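Work through the exercises below with the sequence and the model open side by side. Try each task before reading its solution.

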Amino acid sequence: GMTRREIAVFRNWIIDPEVMRLHMDDIENHRPFYDFEYTLETKSGAKIICYSSGIPYFDEDGEFMGYRGSSRDVTLLKPTEDELRNLQKMKAMGKLTGGVAHEFNNILAVVMGNLELLEGKVSDDALLVKMINSAMTASKRGARLTSQLQSFSHTQPLRPDKTDLGELVGGMRGLIASTVGGRIRVKPMIGPSLSDVTVDTSQMQEVCLALAVNAA
């Protein structure tokens, strides 16, 4: 998006002092250098990140004559500070999520075990059995949720299986609605003839949730 004139004329060089010191040491000692990084700022304020590499060359008598090399624009290849910060946050969140999911699974195992014992002892009381079944259903939903969290944090191996995408997305309506907030109405529009796909359900749910959050 820059003009030829902007490329030819730069307002400023932005170079890390330590990187520059090491680079000048290479130059003064006629050593080759690779991917020396610097930033050029044009008159319009645009910044271009460059990598330069050079190999020294000498005449027949061994006299140093200069460098042969090249520079390349890597601006589009370099992640921004925000992208790096977000990546670090995601890694930290993944570790935290995996730890929380593991502990929560332990708690659920105790809850579900006790519910099963209670169900055997109150089988003649229809109301208590109904309450226990309701609690067991909620516990199983919690277990599925922790499975998704472990998948998100990459602490659980992938389990690809044939999955009905329409059913999967439709079943996430409540989760998506609660995630994106009450200001946004969620209305899944699912095609009538979607083919089954072989995916890890937890990973696919994560993708759907990420799409919804980004769209919001």
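Four exercises follow, each with a worked solution.

The model is predicted: local features need pLDDT of at least 70, side-chain atom pairs count only at pLDDT 80 or more, and totals for chains, interfaces and linings use all residues. Residues are numbered from 1 along each chain as its sequence is written, and side-chain values use heavy atoms, with hydrogens and water left out.

**Exercise 1. Arginine 31**

Task: Locate arginine 31, classify its exposure and list what it touches.

Solution.
- Step 1. Place the residue. Arginine 31 sits in the loop between α2 (17-28) and β2 (33-42). Helices (H or I, at least four residues) and strands (E, at least two) are DSSP runs, numbered from the N terminus.
- Step 2. Read the accessibility. Arginine 31 has a relative accessible area of 33%, so it is partly exposed. The classes are buried under 20%, exposed over 50% and partly exposed in between (1.4 Å probe, protein chains only).
- Step 3. Collect contacts (heavy atoms within 4.5 Å). Leaving out residues up to four places away in sequence, arginine 31 touches Asp25, Asp26, Pro56 and Tyr67.
- Step 4. Look for a polar contact. The side chains of arginine 31 and aspartate 25 make one at 2.5 Å. The term covers a pair of N or O atoms within 3.5 Å; within protein, one must be able to donate a hydrogen and the other to accept it, and residues adjacent in sequence count only if both atoms are side-chain atoms.
- Step 5. Check the chain separation. Isoleucine 55 is 24 residues from arginine 31 along the chain, with 7.3 Å between their C-alpha atoms.

**Exercise 2. Positive phi**

Task: Find where histidine 30 lies and where aspartate 35 lies, then give the phi of histidine 30 and of aspartate 35.

Solution.
- Step 1. Recall the background. Most residues other than glycine have a negative phi.
- Step 2. Take histidine 30. This residue is in the loop between α2 and β2. Its phi is positive, about 55 degrees, although it is not a glycine. Histidine 30 is partly exposed, because its relative accessible area is 31%.
- Step 3. Take aspartate 35. This residue belongs to strand β2. Its phi is also positive, about 50 degrees, and it is not a glycine. Aspartate 35 has a relative accessible area of 38% and is therefore partly exposed.

**Exercise 3. Two hairpins**

Task: Trace the pairing from β2 to β3 and from β3 to β4.

Solution.
- Step 1. Pair β2 with β3 (residues 47-58). The strands run antiparallel, joined by 7 bridges. Pairing requires that DSSP finds at least two bridges. Phenylalanine 33 has glycine 54 of β3 as its bridge partner.
- Step 2. Inspect the turn. The β2 and β3 hairpin has 4 residues between its strands, and glycine 45 there has a positive phi of about 95 degrees.
- Step 3. Pair β3 with β4 (residues 64-73). This antiparallel pair has 9 bridges. Serine 53 is bridged to serine 70 in β4.
- Step 4. Inspect that turn. The hairpin of β3 and β4 has 5 residues between the strands, and glycine 62 takes a positive phi near 85 degrees.

**Exercise 4. A buried serine**

Task: Is serine 139 buried or exposed, and which residues does it touch?

Solution.
- Step 1. Place the residue. Serine 139 lies in helix α4 (residues 126-152).
- Step 2. Classify. Its relative accessible area is 8%, so serine 139 is buried.
- Step 3. List the contacts. Apart from residues up to four places away in sequence, serine 139 touches Leu108, Val111, Met112 and Leu115.
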